[in-house]
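Open the model in your viewer and keep the selection tool ready. The stops below go one selection at a time.

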Amino acid sequence: MTKEENLEVQEKERHDHEEQEEGRTQKEEEEALTEEEEEEEYELEEEREEQEKAEVDKDEGDEQEEEREEEEEEEEEAPPAEQEPEPPSITEFQSPVQEPRRRAMVHPSAQAPLPKDYAFTFFDPNDPACLEILMDPRTTIPELFAIVRQWVPQVQHKIDIIGKEILKRGCHVNDRDGLTDMTLLHYSCKAGAHGVGDPAAALRLSAQLISLGADVSLRSRWTNMNALHYAAYFDVPELIRVLLKAAKPRVLNSTCSDFHHGTALHIAACNLCLGSVKCLLEHGANPAVRNDKGQVPAEVVPDPMDMSLDKAEAAMAAKELKQLLLDAVPLSCNLPRATLLNYDNIPGNLMLVSLGLKLGDRVVLDDNKTGSLRFCGTTEFASGQWVGVELDEPEGKNDGSVGGVRYFICPPKLGIFAPVSKISKAVDQLPSSVTSTPRTPRIDLASRFAGKTKKEKEKKEKERAQKKKSSAANLDPEGTNVEVGDQVLVAGQKNGIVRFFGKTDFAPGYWFGIELDQPTGKHDGSVFGVRYFSCLPKYGVFAPPSRVQRIGGPKDGSQNNSMVKKVHQVTMSQPKRNFNTMRSPKDLTSENSLSRLLFCCWFPWMLRAEMQS
């Protein structure tokens, strides 16, 4: 026998024993009771049984009526067999609202829930099965954060619905996702990206979060970006306006270490986010702040020359963006406030027009030093507005950089900084051509063969100074004094030698063809099957004259003796032009010495012939 059978036998024996005891007690009681008591008990039992029967009948009647009503309701609510059930809508799924916590927390990471036998690997709130999971109260906050992390349009377009579900489950407005350390406001700014996200949905969620007290200045510990940085990175000017309205003033120019400690303006500029740049400038973003590389926002804009031809629209946007940022940089002027109100915030082009100057103009510093204007604006080494000048002679103090921050580029000892009040515009004077012939030598041989006089020394010193100025004047960024064979600096970064100048087939205007010193170019001197010059592969590059700066003459030094250089303009259909060179002071001096020698030989013979006659 099994244990279960033994238990059943024991249970049956116990039950029989109890029944025997109850029968014995009843017999004893019946014997003790009198006949009158038996009649009373009999009447009471009959009344009790009648009451119980009446209650049972009543309960059965109520149950039958309820069953009948339920059947009638089911028949009325039952849909016809031909119609299919409609998919559940968002309003049919309502998760209970829980009270939010008082302190923010970091939620652990989790995986996004998906329905069973689901055909896709991402969550789609438009699918009824996924929508049921989304509205299910058993879906946790970490799982909802995992859904938000999926960078697909199906999820990002429903960011406002998913965000509301997270808040309904008691999530604090500043809670963070344990995997990315991002808050709901960070995800909302990211979801405003055009294409993948929906700016309207992101704007609705961001406004709700800010109304609940979301902190705009909070940063993700992984990227060190706050909500304004995310909105600038993904080019969502609508969110930037809402964030700046609720943020403190210091958030506008806050920096991010992942972008070389640049501001939101730097982030938008390097990503060609024209809308974000305009919005930030409208709200007072500082375009003169420099990152840890010493770059202002205009200098982090990608170079259009480095873009391929299939990115013409991006190149046009980069050009417009850079000009916009350069015009927004405040330049200094020495005008009084009564003449020009609020002169610190005037755009650069208007400031230069008011001064009658522009970058690259010739200026005089302290009435004794001449040079070219290369920089005007605020600096890191001192407060106020400063100008940077590239001098003609090595009488400066730097090469355009101070304290590790570069403001412009020039050779060493040619750069100098000064207040704007110490400069004035200079009038360029071209060196006068030397066309006079040597004077007739004097008869006095002693004075002729004597040492050089003081006037001759001063004249040679002036000629030497003019020669230095002419060589320094060739170091201009406009490309006017650059010729084929000269050493140049392209875009302020790449060194090379000019191999071509003229018109091309791939773009209008005049272009320089340059052979770089390093293999950082794009071709070997030919573009689209047309060869303009020859060099090794990846050593050739084309640049407009505005991007080329002369840093030296030809390496062989064969043309250094000419005072006025020849200008070569070589095109595919235009031959070279030859110009006559003018004689230099050195050539004139050598001709003068030869004439003196001939006179020394000819004068005694002439004197002797005259005496004989």
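Select C171 first. This is a predicted model, and in it C171 is buried, with a relative accessible area of 3%. Now pick C410. C410 also counts as buried, at 8% relative accessibility. Both values fall under the 20% cut-off for buried residues. How many disulfides does the count come to? The count is 0.

**Helix α3**

Select residues 128-135, helix α3. Which of its residues are buried? They are C130, L131, I133, L134 and M135. Add α4 (141-148) and α6 (159-168) to the selection: the buried residues of α3 pack against these two helices. Then go to the N-terminal end of α3 and show D127, which caps it. A side-chain oxygen of D127 lies 3.0 Å from the backbone nitrogen of A129.

**The largest nonpolar core**

Next, select I166, L209, L243, L280 and L325. Within the largest nonpolar core, which has 70 residues, these five touch the most other members. Centre on L280. Beyond its neighbours within four places in sequence, what does L280 contact? Its partners are L228, A232, I240, L244, L252, A264, L265, A268 and A285. Another core, of 12 residues, lies apart from the largest one. To find this second core, select L373, L391, I416 and A418, which are among its members.

**The sheet**

Switch to a cartoon view and show the open sheet of 5 strands. Its order is β8-β5-β4-β3-β9, and the pairing is antiparallel. Why is one side of β8 and of β9 left without a neighbour in the sheet? β8 (415-418) and β9 (423-425) stand at the edges and each has a single partner strand, so one side of each has no neighbour there. Look along the strands: the twist averages 45° from one strand to the next.

Select β3 (residues 362-365) together with β4 (residues 369-378). The two strands pair in the antiparallel sense over 4 bridges. Show V364 in β3; T370 in β4 stands opposite V364.

Move to β5 (residues 385-391) and β8. This pair is antiparallel too, with 4 bridges. Pick G388: its bridge partner in β8 is F417.

Finish with the side chains of β8. In a regular strand the side chains alternate between the two faces of the sheet. Which way do the residues of β8 point? G415 and F417 point one way, I416 and A418 the other. All four are buried. I416 and A418 bring you back to the core of 12 residues, since both are listed among its members.

Terms used: Residues are numbered from 1 along each chain as its sequence is written. This is a predicted model: local features need pLDDT of at least 70, side-chain atom pairs count only at pLDDT 80 or more; totals for chains, interfaces and linings use all residues. Side-chain values use heavy atoms; hydrogens and water are left out. A nonpolar core is a set of buried Ala, Val, Leu, Ile, Met, Phe, Trp, Tyr and Cys residues joined through side-chain atoms within 4.5 Å. Buried means under 20% relative accessible area, exposed over 50%, partly exposed in between (1.4 Å probe, protein chains only). Contact means heavy atoms within 4.5 Å. Two strands pair if DSSP finds at least two bridges between them. Axes are lines fitted to C-alpha atoms, for helices over the stretch in contact, and angles run from 0 to 180 degrees between N-to-C directions. A disulfide is a pair of cysteine sulfur atoms within 2.5 Å. A polar contact is a pair of N or O atoms within 3.5 Å; within protein, one must be able to donate a hydrogen and the other to accept it, and residues adjacent in sequence count only if both atoms are side-chain atoms.
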